[in-house]
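I opened the notebook to look up a few residues and the ligand site. The entries follow in the order in which I checked them.

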Amino acid sequence: MNNFTYSVPTVIHFGKGQISHLSELKESRSRVLMVYGGGSIKKNGIYDAAMKYMGDAGLEVFELGGVTPNPRVQLVRKGIEICKKNSVDMLLAVGGGSSIDCAKLIAAGVVYGGDPWDLMLDSSLIKGALPIYCVLTLAATGSEMDNSTVISDPTINSKMDICSDYIKPKMAILDPEYTFTVSKKQTAAGAVDIMSHIFESYFTNVEGTNLQRHISEALLKTVIEYAPIALETPDNYDARANLMWCSSLALNGLLSYGAEVSWCVHPIEHELSAYYDITHGIGLAILTPVWMEYVLNEKSVSQFADYGRNVWNIIEDDNIKAATAAIDKTKTFFSSLGMPSKLSEIGIDSTHFEEMAADCVRFCEGCYMPLTKEDIVNIYNKAL
Ligand code: NZQ
Ligand code: ZN
């Protein structure tokens, strides 16, 4: 196990009615920018609840709606302007990962003062951020409890992911009932995203991390158990609750402290969403089994076999057979959630594979084998 410093400063209020904690937000600050998406929170009542409790706290509220999936730096710039003009001193994101990520870069951008895209190119420029609070409405990205933001600039086909401890949310409200209205497609894509975050640290080169591996297996089994229930019965509280808490625990450091995150599939997927504006979890569902098959070798086979035995209950002594069966189970599971399994199904052809691979190869840390540009092009081609 590697050395690590444990730091998870986000206060979580989990469960029904926890949005009332927004009334405690006053502290020494008083002017908040509320960041949200395309309007789902106005239909399901979350907007009204957030406004009520911020009113109780005596906060002056400014709004930035219209955050799109794969949030854009152009909207971040607009948010920074609103903050500067109105002396905003805190951010509240209400939504999924896109709204939270947008709020995170606004919070850092206000303190930075220059153009926020600079921060996406060099996160060491982040020297502070306004405090960020959030109300999560979709179980998927883990942004509610992590130090990462993912922002796109569609004018240059770029989607970047940066980390900084300054942008960890101070507090997150996790009310599973708020995810009852999430569509089947987004519920499934969210489940795949959670599993992919777990895979990124589960398939690791670091030895002696059995604790992290066993926690990972428990989280994977939980998603596999509850995602189909949430799809079948969107208002099943326990299914939504388990998925929501898995979302946060998959990427808050619990699994990676002492181990490592290899980030094999995420950078390859981010290129797909950068060029084609697709849903992140859909890209992951297509690429993950292909990546698993591609990196299955002498070094990795025992870990994929253990994944099969411990997560999918495969009873098989032969490592290659167990590993292959585990990859098949993964593919079949994603299909059972309604996810596509080929890029061609979502209208993507090979036109940009070379450029996309060139863009992301430096971020693919890889485990088991280093991934070259050619390897990434091969993975895209196998996913067609
Ligand atoms: O925009 P609204 O109207 O709110 O609708 C959203 C959006 O259309 C809808 N939705 C969210 N909550 C809902 C709801 N609809 C009904 N009821 C609700 N309760 O769902 C759609 C998708 O929302 P979005 O926030 O885009 O989804 P998600 O949470 O999956 O976030 C995806 C973004 O996060 C990035 C992804 O790349 C992508 O840009 N990621 C962020 C990470 C991080 N910060 O750590 C890590 C991830 O790996 C990921 O890259
Ligand atoms: Zn992800």
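Entry 1, Trp263. I asked whether Trp263 is buried or exposed, or in between. The model is a predicted one, and in it Trp263 has a relative accessible area of 22%. Buried requires under 20% and exposed over 50%, so Trp263 is classed as partly exposed. I found Trp263 in the loop between helix H8 (237-251) and H9. I also read its backbone angle: phi of Trp263 is near 45 degrees, which is a positive value in a residue other than glycine.

Entry 2, Ser87. I noted a positive phi at Ser87 too, near 50 degrees, again in a residue other than glycine. Ser87 belongs to the loop that runs between helix H3 (73-86) and strand S4 (90-95).

Entry 3, Thr204. Where is Thr204? I located Thr204 in the loop between H6 and helix H7 (210-232). Its relative accessible area is 2%, and Thr204 is therefore buried. I then looked for a partner and found Glu260: the side chains of Thr204 and Glu260 are joined by a polar contact of 3.5 Å.

Entry 4, Thr10. I placed Thr10 in the segment before strand S1 (11-14). Thr10 counts as buried because its relative accessibility is 7%. I checked Thr10 against Ala172, which is 162 residues away along the chain; their C-alpha atoms are separated by 6.8 Å.

Entry 5, Ala49. I found Ala49 in helix H2, residues 46-56. Is Ala49 buried or exposed? With a relative accessible area of 17%, below the 20% limit for buried, Ala49 is buried. I took Ile286 as a second point: Ala49 and Ile286 are 237 residues apart along the chain, and 37 Å separates their C-alpha atoms.

Entry 6, Ser183. I saw that Ser183 sits in the loop between strand S8 (171-174) and H6. Its relative accessibility is 36%, so I entered Ser183 as partly exposed. From Ser183 to Pro169 I counted 14 residues in sequence, and the C-alpha to C-alpha distance is 26 Å.

Entry 7, the ligand site. Which residues are closest to ligand 1? I listed Gly38, Gly97, Ser98, Asp146 and Lys159 as the closest, out of 32 residues that surround the ligand. I looked at three of the contacts in turn. At Asp146, an N or O atom of the side chain is 2.4 Å from an oxygen atom of ligand 1. At Gly38, a backbone N or O atom lies 2.7 Å from a ligand oxygen atom. At Lys159, a polar side-chain atom is 2.7 Å from an oxygen atom of ligand 1. Taken on its own, ligand 1 has 950 Å² of accessible area, and the protein covers 89% of it.

Entry 8, the surroundings of the ligand. I noted that ligand 1 sits in the largest pocket. Which elements give two or more residues to the shell around ligand 1? I wrote down helix H4 (97-112), strand S6 (148-153), helix H6 (184-202) and helix H9 (266-276). Sorted by class, the shell holds 19 polar, nine nonpolar and four charged residues.

Note on methods
Residues numbered from 1 in each chain as written. Chains lettered and ligands numbered in written order. Predicted model: local features only at pLDDT ≥ 70, side-chain atom pairs only at ≥ 80, totals over all residues. Heavy atoms only, no water. Near = heavy atom within 4 Å. Polar contact = N/O pair within 3.5 Å; in protein donor to acceptor, adjacent residues only side chain to side chain. Areas by Shrake-Rupley, 256 points an atom, 1.4 Å probe, with all protein chains shown as cover. 1 Å grid on protein atoms, 1.4 Å probe; cavity = no way out; pocket = protein on both sides within 12 Å on 5 of 7 lines; lining within 4 Å. Sits in = over half its atoms within 2 Å of the grid points. Nonpolar A, V, L, I, M, F, W, Y, C, P; charged D, E, K, R; others polar. Buried < 20%, exposed > 50% of the residue type's maximum accessible area, 1.4 Å probe, protein only.
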